[in-house]
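Let's take a walk through this structure together, one element at a time. Have the sequence and the 3D view ready as we go.

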Amino acid sequence: MDSQFFNRKRFIALCRWDWTERQKALGLQAVVIYAILTVFSGFYTIRGALRANALSHYVSPQRVEEWKAISADLAQGVDGSWTSVSALFFPILAFYLVGTARRTQRALQTTSQAARTLTFPVSAFEQFLLRWLYAVPLALLTYCAVFVAADFTRVGLCSLIVPQVDYAHLLPYTDYWDGHPYWLLTLLNLTLWAQSVFICTSETKRASVHTVVLLLVVLVPFALAHSRYALGEAFNLWLIRPVIVNAFFLLCTVLNWYTAYRHILKTDLTYVKSAKH
């Protein structure tokens, strides 16, 4: 095997070969996530539209205030389901990222990986980089595209099912980013960190146990630090600063991925040593 750390042409050839092997599985996974997002977001929006349509015809004395709020939103072009739909983004993103990492990990542990080492020799870093590209950049871009597609589908379905009211509208993506950039980055860092924990601990025999333990060891004290009753208001206000939180979890994510790379390197060296004997 070529001992070179990284070769661009070899890595491009590896990406092309691997993509032909995985594109159907990745496409199916994206379709499943699209269906999940469409079902849940469509349910919240259509339910709200049906309620608004019903109240537009008859308002009971007990629901006067509710109709005032809904009519004000309709007049301003505000979709009442935006809060519920946007709340789906990060939980399903975490599920999708962990699923992508799990699928990548399974691919590395199958017998086809041994065949690839013999017929398509690559360095340990190239194996790691390919794994990272699938698990993070490609997964994030795919999920964002699928989420936007599901958002368009949600609006279209609501307009077809409840055409009497102009209820459904696309999410105000720029408003979310302009209003809470640091906290969105914090949630993204938390999600990527949780995925890296799975990647890091999946190399061990008791992966699920180690994953749960590591998540609890970090998240429980972190959650307690947010409580004014646990560690005091001064420490609480210092810890919840977004810059500190993002830097902490970004460092943890990098360390977890580095641990995963060290394991791949160790496995690769063990294979080379065994092949020599």
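In which hand does α6 pass α8 at their crossing? The crossing of α6 past α8 is right-handed. Keep in mind as you turn the view that this is a predicted model. Helix α8 covers residues 181-201, and its axis and that of α6 come within 12 Å, crossing at roughly 155°. Angles over 145 degrees count as roughly antiparallel, so α6 is roughly antiparallel to α8.

Let's step back for the whole chain. The protein chain has 12 helices and 0 strands, and its pattern along the sequence reads α-α-α-α-α-α-α-α-α-α-α-α. Of its 277 residues, 37% count as buried.

Now return to α6 and look at another of its partners. Helix α1 spans residues 8-57 and helix α6 spans residues 124-161; their axes come within 7 Å and cross at roughly 30°. Because angles under 35 degrees count as roughly parallel, α1 is roughly parallel to α6. This crossing of α1 and α6 is right-handed. And what kinds of residues make up the contact of α1 with α6? They divide into 24 nonpolar, 6 polar and 5 charged.

Side chains are worth a look next, beginning with a charge and a ring. R22 lies over the face of Y134, at 4.5 Å from the ring centre.

Rings also meet one another here, and the count comes to 14 aromatic pairs. One of them joins F89 and F90 in an edge-to-face arrangement, with 5.0 Å from centre to centre and 80° between the planes. Is F90 buried or exposed? Its relative accessibility is 16%, and buried means under 20%, so F90 counts as buried. F89 also forms an aromatic pair with Y143, again edge-to-face, at 5.2 Å centre to centre with 70° between the planes. This pair links distant parts of the chain: F89 belongs to helix α4 (residues 89-109) and Y143 to helix α6, 54 residues apart. Y143 has 1% relative accessibility, so this residue counts as buried.

Which residues form one aromatic cluster together? The members are F6, F11, F125, F128, W257 and Y261. You can select these six names in your viewer to see the cluster as a group.

Just along the sequence from the cluster's Y261 you will find R262, which sits in helix α12 (residues 242-276). R262 has 45% relative accessibility and therefore counts as partly exposed. How far apart in space are R262 and A124? Their C-alpha atoms are 9.0 Å apart, while in sequence the two residues are 138 residues apart.

One more stop brings us to helix α2, which covers residues 64-76 and contains E66. At 28% relative accessibility, E66 falls between the limits for buried and exposed, so it counts as partly exposed. E66 and A52 are 14 residues apart along the chain, and 9.4 Å separates their C-alpha atoms.

To retrace the route, go back to α6: this helix is roughly parallel to α1 and roughly antiparallel to α8. Y143, in α6, pairs with a residue of α4.

Key
Residues numbered from 1 in each chain as written. Heavy atoms only, no water. Axes fitted to C-alpha atoms, helices over the stretch in contact; angles between N-to-C directions. Helix = DSSP H or I, 4+ residues; strand = E, 2+ residues; numbered from the N terminus. Parallel < 35°, antiparallel > 145°, perpendicular 65-115°, else oblique. Left-handed = near helix turned anticlockwise from the far one by under 90°. Nonpolar A, V, L, I, M, F, W, Y, C, P; charged D, E, K, R; others polar. Phe/Tyr/Trp six-rings, centres within 6.5 Å; stacked < 30°, edge-to-face > 60°. Buried < 20%, exposed > 50% of the residue type's maximum accessible area, 1.4 Å probe, protein only. Lys NZ or Arg CZ within 6 Å of the ring centre and 35° of its normal.
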